[in-house]
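Student: I have a model open and would like to test the words people use for it. Could we go through them one by one?

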Amino acid sequence: MLILAQADCTATQLDEICAHLRARSVKPVVSRTRAWTLISVADSAVHLRELLTEDELLALPAVQRVIYASKGAVFSSLEWRKQPTILDLGDSVRIGHDQAPCIIAGPCSIESADHLRSIAHAVRQHGAGMLRGGLFKPRTSPYSFQGLEKDGFAFIREVLHECGLKFVTEAMDEHSLELVVEHADMIQIGSRNMHNSALLKKVGETRTPVMLKRGFSATMDELMQAADYIMAGGNEEVVLCERGIRTFADHTRNTLDLSIVPALKERTHLPVIVDPSHGTGKASLVTPMALAALAAGADGIMVEVHDEPEYALSDGEQALTLPAFAAMMSQLHTLADALNRPMALRV
Ligand code: PEP
Ligand code: MN
């Protein structure tokens, strides 16, 4: 159970709440964020509902809401919000339930201004609503290309202005987060950082929409609890992204766990998107899995695209060529029509 009190709840008010709980032999754990004072109690929701009624808790000073969540996650759960969350990034780019599927496309790494510009125009022309591209790259090898880092932000604004796309890029730490918030429309938190609670808390202090990628060994509940770290800080604009998990299967880079899409929809109000590029690691498998993701109910698809994948500075094996991207978009259009969720931008 989580009791949510005002962020500016005083020490005296907090003492009163905690004393009330201790008098019923339950042990409160207190944490504070920019948005809330959170008092959590670990016990079964059924038991607590009988022991402490909502009315009695709401009568305590500064208490705003009481959630008897059945599992670990609260803010990302349907207990917190029954209606689906829809992110509105402006210029008709919306992500969420019953919206046109949001297509996010671009290179794995941003390589140069001209390169980004040509890919951005091409993916826009074929119906993408958002551009992706890493400037800070979490590479497995320290000897691989690490991204253009802060220098890349110099030309981003100009490219975005020209192509009219919204932009998502990864923040890896507090320093890159500041730059991403300043220049991008959405913060990407990568698979490797899904468990980085210190970074998630910082992201929760911003008011920039977030794409949270599933850790490659994270359960569904762990993904939702990572979203809670962000949302507890008051940033409720979060999209969850399935990007494949580690299994014994070795015919793909990761195993794309598409069943998590409908499973998440049963537990969360947050939009869910799928990244079949990292999810398979093979360009030839990206389109079939993008189609499957849409059929499974994904609110969006993120794919890596490169004009010359064989020369890409990262993840060339999984990048769609521009003609392959155009072909995928045309198939997605047909499927989206059949699903009665027509794509926003006609090609
Ligand atoms: C990416 O999308 O650029 C990326 C690095 O993905 P992931 O964090 O899922 O590996
Ligand atoms: Mn990549």
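Tutor: Gladly; we will take the metal site, a helix pair, one helix with two sides, and then some single residues. Keep in mind that this is a predicted model.

Student: Let's start with the metal. What makes Cys108, His278, Glu304 and Asp315 donors of the manganese ion (ligand 2)?

Tutor: The cut-off for a donor is an N, O or S atom within 2.8 Å of the metal. Here the atoms are SG of Cys108, NE2 of His278, OE of Glu304 and OD of Asp315, and they lie 2.0 to 2.3 Å from the ion, so they count as donors. Along the chain they follow the spacing C-x169-H-x25-E-x10-D.

Student: Why is it said that His278 and Glu304 tie together separate parts?

Tutor: His278 lies in helix α10 (residues 276–280) and Glu304 in strand β14 (residues 300–304), so the pair joins parts that are 26 residues apart in sequence. Both His278 and Glu304 are also buried.

Student: Next, the helix pair. Why are α7 and α8 called oblique to each other?

Tutor: The axes of α7 (residues 197–205) and α8 (residues 220–231) cross at roughly 45° and come within 6 Å. Angles under 35 degrees would count as roughly parallel, and 65 to 115 as roughly perpendicular. The crossing of α7 and α8 falls in neither range, and the pair is therefore oblique.

Student: Which residues make that contact?

Tutor: From α7 there are Ser197, Leu200, Lys201, Val203 and Gly204, and from α8 Ala226, Tyr229 and Ile230. By type, the contact of α7 with α8 has 5 nonpolar, 2 polar and 1 charged.

Student: On to α5. How do you know that its buried residues are on the same side?

Tutor: The buried residues of α5 (residues 153–163) are Phe153, Phe155, Ile156, Val159, Leu160 and Cys163. They cover an arc of only 145° around the axis, which puts them on the same side of α5. Ala154, Arg157 and His161 are exposed on the other side.

Student: What covers the buried residues of α5?

Tutor: The cover includes α4 (113–125), β8 (130–132), β9 (166–170) and α6 (174–183). After α5 comes Gly164, with a positive phi near 70°.

Student: Now single residues. Why is Ser76 called buried?

Tutor: Buried means under 20% relative accessible area, and Ser76 has 0%, so the word applies. Ser76 sits in the loop between β4 (63–67) and β5 (87–90). Beyond residues up to four places away in sequence, Ser76 touches Met224, Ala227, Asp228, Met231, Arg267, Thr268, His269 and Leu270.

Student: How do you know that Val41 is buried?

Tutor: Its relative accessible area is 4%, and the limit is under 20%, so Val41 is buried. Val41 belongs to the loop between β3 (36–40) and α2 (45–51). Setting aside residues up to four places away in sequence, Val41 touches Met1, Leu21, Val26, Lys27, Pro28 and Leu48.

Student: What makes Ser191 buried or exposed?

Tutor: Ser191 has a relative accessible area of 6%, so it is buried. Ser191 is in the loop between β10 (186–189) and α7. Residues up to four places away in sequence aside, Ser191 touches Lys213, Arg214, Gly215, Phe216 and Arg243.

Student: And why does Cys18 count as buried?

Tutor: The relative accessibility of Cys18 is 6%; with the limit at under 20%, Cys18 counts as buried. Cys18 is part of helix α1 (residues 11–22). Apart from neighbours within four places in sequence, Cys18 is in contact with Pro28 and Val30. The C-alpha atoms of Cys18 and Val30 are 8.8 Å apart.

Student: What makes the phi of Ser92 worth a look?

Tutor: Most residues other than glycine have a negative phi. Ser92 is not a glycine, yet its phi is positive, about 65°. Ser92 is in the loop between β5 and β6 (93–95). Exposed means over 50%, and Ser92 has a relative accessible area of 59%, so Ser92 is exposed.

Student: Why is Glu149 called partly exposed?

Tutor: Buried is under 20% and exposed is over 50%, with partly exposed in between. Glu149 has a relative accessible area of 38%, so partly exposed is the right term. Glu149 lies in the loop between β8 and α5, and its phi is positive too, near 55°.

Key
Residues numbered from 1 in each chain as written. Chains lettered and ligands numbered in written order. Predicted model: local features only at pLDDT ≥ 70, side-chain atom pairs only at ≥ 80, totals over all residues. Heavy atoms only, no water. Donors = N, O, S within 2.8 Å, 3.2 Å for Na, K, Ca; no water. Helix = DSSP H or I, 4+ residues; strand = E, 2+ residues; numbered from the N terminus. Buried < 20%, exposed > 50% of the residue type's maximum accessible area, 1.4 Å probe, protein only. Axes fitted to C-alpha atoms, helices over the stretch in contact; angles between N-to-C directions. Parallel < 35°, antiparallel > 145°, perpendicular 65-115°, else oblique. Contact = heavy atoms within 4.5 Å. Nonpolar A, V, L, I, M, F, W, Y, C, P; charged D, E, K, R; others polar. Arc of directions from axis to C-beta.
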